[in-house]
Amino acid sequence: MTDLITRPAPPEQTLSERLLTTQAPQRPQSTPVIRVEVDGRLVEGREGQTILEVCRDNGIEIPTLCYEPKLPGFGACRMCVVEVEGEEHPPISCSREAETGMKVSTQSEPVRRLRATNLELIFSDHNAYCLPPCQNKCPSHIDIPGFLKQNAEGNWRESSRIFKRTIPFPSVLGRVCPAPCEEHCRRDEVDEAIAIRDSHRYAGDQVLKAMLNDGIDPPVPFEVQPKTGRRVAVIGSGPAGMSAAYYLLIAGHEVTVFERDGAPGGMLRYGIPQYRLPKVEVLEAEYESVTRLGGRIECNQALGRDFSLDDLQGQGFDAVLVAIGCYDTNKLGIPNEDADGVLDGLEYLQTATLGLPYPGHAGKRIVVIGGGFTSMDCTRTSVRQGAAEVTLVYRRDMKDMPASDEVHEAIEEGATAIFQAAPTRVLVGPDGKVSGVEFIRNKLGEPDASGRRRPEPAPGTEFSIECDRVLLAIGQGPDLSWFGPGSDGLTATKQRRLKADAVTFETGRPGVFGTGDVRIGAATVVAAIAEGRRSAYAVDAFVKGLDLSALKTRQTLAEPQPEFLSIVPFTSEVKEPRYRLKAMDAELRNHSYVEYEIPYTRAEAVAESTRCLQCTCEAIGFCDLRRLGIEYGTTLPTLEPGFHAGAGYRSVSENRFTGTNHDYIRDDSHAFILREPSRCIDCGRCAQVCSEVVGAACYDFMRIGFDTLVTTPLDMSLNDSPCVSCGRCAETCPTGALMPKPRVLQKYEVDESRCILCGICVDACPYDALRDGGDFELAHASRQEPTIDLMALAMVDRETEMTYIRRERDWLDRARADGRIVDPGRLLPMLPAGIVADLGTSPGNGSGHSNGHAHNK
Amino acid sequence: MTSLLKTPAAWPRPLLGKASAADPVDLDAAVKAGAFDGLKKAVRTLAPAGVVAEIRASGLRGRGGAGFPTADKWQVAAATPADRRYVVANGYGADPAVRTDALLMEMNPYGLIEGVAIAAWAIGSDSAIIAVRATETEAIRRLEAAIGAAEEAGFIGADVLGSGRELMVEVRPVQGAYMLGEETVLLKALEGKRGQPEQRPPHPAERGLFSRPTVVQNIQTLVLAAWILREGAAAFRAIGSPDAPGTILVQVRGTAGSGIAEVPLGTPLRVILELAGKNAAAPRALLVGGPSGGILPAELLDTPYSFAELRAIGAHVGSGSIVATGTNADVLELAELLTRFCAGEACGKTIPCRIGTRRLEEIATRINAGTPRPTDADLLVELSADIVASALCDHERLTTLPLSSVMRYFRPELDAKLQPVAEHTAGRQRIAVADGERRTEAPTA
């Protein structure tokens, strides 16, 4: 009978001792080794480790949300489920001990499905979102709330720096961007959308002014990397090519840009008129930010005419990026299209944008066909060049016109606009010259792939317009005539564009990449710049010899893809309408190539940016839920036109489980920690860390069933809880439910001349931000353990942070004395840097407080 | 008070005794009837290992619902090195509609105390807790009086039957929720923490109350253990079915009457149901196992009432409750009601339980309201399967049971309710489009 019951009992374990034996890094090296097969790979762990610990030690990733490495597994999120051969229900790896001979698969289809279901369930009750809609909708995903916030504080330089992280040209884009972001601005729910474009225009202009007037270099978004010695050739100096060059230069590569025409800019220079984008003050000035980084631009060098891809690669360029844009105007396919007087709109603009009058344009009657930005530029330039009569004809409805914003301005300037009419033939006079165009009225049919209603000709509604000239602006495609000998190995897509991968930008020819309009077809400037930036990442990875296939995952994670919109309405905001840019009078501007929009004053720019609601999640970038949501494909795809009809925007909580969800009130009471319970996923990490590690116990699960929430006792404000402001909860929170509050104070100043070396700050600091130095004062050598009242810390009679850290140090000393070799990288991150650095090199040099007093000079 | 149903005279009654004593707390009368004979045998002739062997020979399984072999549990608890071990008698009776456990404690307090003492002796525990629902004041009163008398007589207390071993037995009134039926949750509650389950393994027998080996047994199991030591394993094996011998308390609720009865395991459901009175017409459905039980059709009335057989047909012993519905009952509404109850009682720890069971309830509500989404039929199956597969404790696994048993046995009713109702068509189409696009659209950079 005694054999069963009188075994030697283990001694009472304190929390920290238990922690030492439950955590992977602290497991003594003398523990027997076990071998587990994970995903077909035989890995080693130590007896007593969980499957998760063994996997993490061996670099095998298992997703977790509720797992806190400092504590034993909790088992709430069910994300770390793995398959163990021979077990009916997949165990959770954070709580299951690994055993020799186990066969574990971490990525099998069934466990991935369980994780995806879990994520969908979480999202169905996640009344929050990641990205603000504006940023999401921007093709380049500029941090819009970020730069607006800087604008609101008048930090134009910092604002531009934030902008340049994704787009190098704030002033150019501030003039020519169609601003898709503004359509989705949530300020619109309060009064009017923010003038996002005009705001970065102002900030960018201030930077340009400082550069032109005072010679101050424009800000660079990232630290310029040391020279790599790699050479990249960029063909085309349009928005795509130049933004690629910009980011490649920052990455430390040597970049040469080849330009076909006499001056850099591509469409920016030759496709967009002076009155919209001043060429010298804005375009050339802003392009200087590329040349100031060391970029070289060689003009009058055309691909296929002056050089071939073979030539470039023969000259030692490690990579070639083709960004030649779209210059071949599409054809209408109607009779007499080639008649004298029918002009290519682009060709017309090319001459006109140089400020030269196009021969014989003045006094003529002009018909412009098309609805894009080119057609608008043709129309308004024709007005400025003194045409007698300018008529714009577009086949769809006005609201479906890409350049619809400018229509009223063109009409103000004297042009006529006709919608829902398509040309059927060009009328030719006896002299063989154009005498007019016959059109047919269109009715609008079913919506097509773009969500716009398809125009269908209505028979019997033909009419004609008399004119002397027709400008065609119905879209362009890339000129690919340079394909062939010297530049072979490339292929075209069905739409006759350069075939290149959407993520790696690789073409069929090794070392040659394609980006911008030549790859995606004629698009907006902002889309081209986004292309350029992303292709720069790919080229950078290529010339560094990195694995391009791995780029796919990285880019998918880096690009803010998921559509996360709140459904919580704004109700209490004060209404303050948008500050609009004033335009010059039409009378003045339709004879002038001067920029017709009058920029903001400083006060207006600040006021407009202040209107931003900053509706972004502070946790974006380090939210585990978002990362896993993207990885498991459980987040929503980009905004589709079909979804915002009727029910408003789709929200993050909309998936197959959509049902009731919670909308909690934000707790703003605490000085350092922001609580946003709507973003809480009830993983319980804060509750665990707060009670088990810190000892304050500010959080726990409250209520039952679906309404369970990890919150403060009785939902009191955090400020009234026993919080010691250590920030551990915000640190451990996997989402943005608990966040360190943004604070103005960033650094404390210590006046050492007044310090009496009492050591209280050293004792009280939960993070060891302050420590005793090696020459700590003699007089305090005999001082015993601190007797000061640690206030809130002392109220808690459990293991405090302080004693925890101290025990950890004691353990460390013991480990050293035993001669156990410890890899510093595996220690708890909270260990003071000094200790970690010392390990293994100079044993016994404890810099911790507990033995620091003995170190006297 | 729930009445005790009359059972055939031939049925043995190891739990409730041959006839209820005039005063169940009268120790002398109880001892005269054989109380503590089993404990004496355990302490004086059988070593702890012998007790475990005897229980193993009897084939006793836990009456808490899952039917785990009792001897295995005791063996593990005894073999796990520890400075202290605990015995927890679960008399909480989580199902709010069932009073079997309270009735047993009221009628046979000494049987329970003896069983607790035997378990403690077998695993080497000096401390036992009997958890009782705080509202069962009569059971608490009688147990406390009985513990006092047994201590005075030396059956338990500082020196158990002169063996030199100590055993303190404590009655702990617990207030709480349905979840306390889960053993790890009950242990948390006894530690004074929020009642949330812990991942098993380790099972409480290895690491339970205050991280020490703990034997958690339903009180019926302990009373039966005392009976086995007194009467012998062979006598116990003679009762009930071969794979699960012995008797169990059930609470029957039929249209003709209701009450509690002690029945041998393996008795057909029909026979048990008729203890409460014969019905003219067969019930529409049977709910077996309490709120998280299975909803069974009348055709399965001949199923034997035992752990394995019930599990095979998608029900379980659970709280020992058997409810027969009327002839016109709407099984889907019943399933919705049960799912709502279980989802609402979730402790909120895991995602599949807190949100998943709530979504099950919402699906059931939509189906019953005639507004199902076109995906709901599949969703019900997929979600139930995923909840079971990734569940932490039995509560969330079993919460899927009412709906999945309806899917299994009442498919025509379900299909009829899944038919679309005209005015909701538009809304459904929108979601269908959304779902379709979600699936087909590959993520692009």
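Helices α6(A) and α7(A) are roughly antiparallel to each other. In this predicted model, α6 covers residues 144–152 of chain A and α7 covers residues 156–164. The two helices pack at an angle of about 170°, with their axes 8 Å apart. Angles over 145 degrees count as roughly antiparallel, and the value for this pair is therefore assigned to that class. From α6(A), the contact is made by A:G146, A:F147, A:Q150 and A:N151. From α7(A), the residues involved are A:E158, A:S159, A:I162 and A:F163. By character, the residues of this contact divide into three nonpolar, four polar and one charged.

A second helix pair is found in chain B. Helix α3 (residues 48–58) and helix α4 (residues 70–79) of chain B have axes that come within 8 Å and cross at roughly 160°. That angle makes α3(B) roughly antiparallel to α4(B). The crossing of these two helices is left-handed. On the side of α3(B), the contact is made by B:P48, B:V52, B:I55 and B:R56. On the side of α4(B), B:T70, B:A71, B:W74, B:Q75 and B:A78 take part. The residues of the contact of α3(B) with α4(B) divide into six nonpolar, two polar and one charged.

**Chain A and its five-stranded sheet**

Chain A has 857 residues, of which 45% count as buried. Its secondary structure comprises 30 helices and 26 strands. Among the contacts in chain A between residues at least 6 apart in sequence, 69% join residues at least 24 apart.

Five of the strands form an open sheet in the order β7-β6-β5-β8-β20 (chain A), with parallel pairing. Strands β7 (296–298) and β20 (512–514) of chain A stand at the edges. Each of these two strands has a single partner strand, so one side of each is left without a neighbour in the sheet. Neighbouring strands of this sheet are turned by 20° against each other on average, direction ignored.

Within the sheet, strand β5 (residues 231–235) of chain A is joined to strand β8 (residues 319–322) of chain A by four bridges, and the two strands run parallel. In this pairing, A:A233 stands opposite A:V320 in β8(A). Helix α11 (residues 239–250) of chain A packs on the sheet and touches β5, β6 (254–258) and β8 of chain A. The direction of α11 makes about 165° with that of β6(A).

**A buried arginine in a loop**

Residue A:R396 is placed in the loop between β12 (389–393) and α17 (404–412) of chain A. Is A:R396 buried or exposed? A:R396 is buried, because 21 other C-beta atoms lie within 10 Å, and 20 or more suffice for a residue to be classed as buried. Leaving aside its neighbours within four places in sequence, A:R396 is in contact with A:G371, A:M401, A:F419, A:Q420, A:R452 and A:P455. A further distance relates this residue to another part of chain A: the C-alpha atoms of A:R396 and A:V84 are separated by 60 Å. Along the chain, A:R396 and A:V84 are 312 residues apart.

**Backbone features in loops**

Two residues other than glycine with positive phi values are set out below.

| Residue | Phi | C-beta neighbours inside 10 Å | Exposure |
|---|---|---|---|
| A:R496 | near 60° | 12 | exposed |
| B:S211 | near 65° | 16 | partly exposed |

A:R496 lies in the loop between β19 (476–477) and β20 of chain A. Strand β20 is also one of the edge strands of the sheet described above. A:R496 counts as exposed because it has 12 C-beta neighbours inside 10 Å, and a residue with 12 or fewer is placed in that class. B:S211 is in the loop between α8 and β4 of chain B. With 16 C-beta neighbours inside 10 Å, B:S211 counts as partly exposed.

Where is B:P201 placed? B:P201 is in the loop between α8 (183–190) and β4 (214–218) of chain B. The peptide bond from B:R200 to B:P201 is cis, with omega near -10°. Another cis peptide bond joins B:P201 and B:P202, with omega about 0°. B:P202 is likewise found in the loop between α8 and β4 of chain B.

Note on methods:
Residues are numbered from 1 along each chain as its sequence is written. Chains are lettered from A and ligands numbered from 1 in the order in which they are written. This is a predicted model: local features need pLDDT of at least 70, side-chain atom pairs count only at pLDDT 80 or more; totals for chains, interfaces and linings use all residues. Two strands pair if DSSP finds at least two bridges between them. Axes are lines fitted to C-alpha atoms, for helices over the stretch in contact, and angles run from 0 to 180 degrees between N-to-C directions. Two residues are in contact if their C-beta atoms, placed from the backbone, lie within 7 Å. Angles under 35 degrees count as roughly parallel, over 145 as roughly antiparallel, 65 to 115 as roughly perpendicular and the rest as oblique. A crossing is left-handed if the near helix is turned anticlockwise from the far one by less than a right angle, and right-handed if clockwise. Ala, Val, Leu, Ile, Met, Phe, Trp, Tyr, Cys and Pro count as nonpolar, Asp, Glu, Lys and Arg as charged, and the others, Gly among them, as polar.
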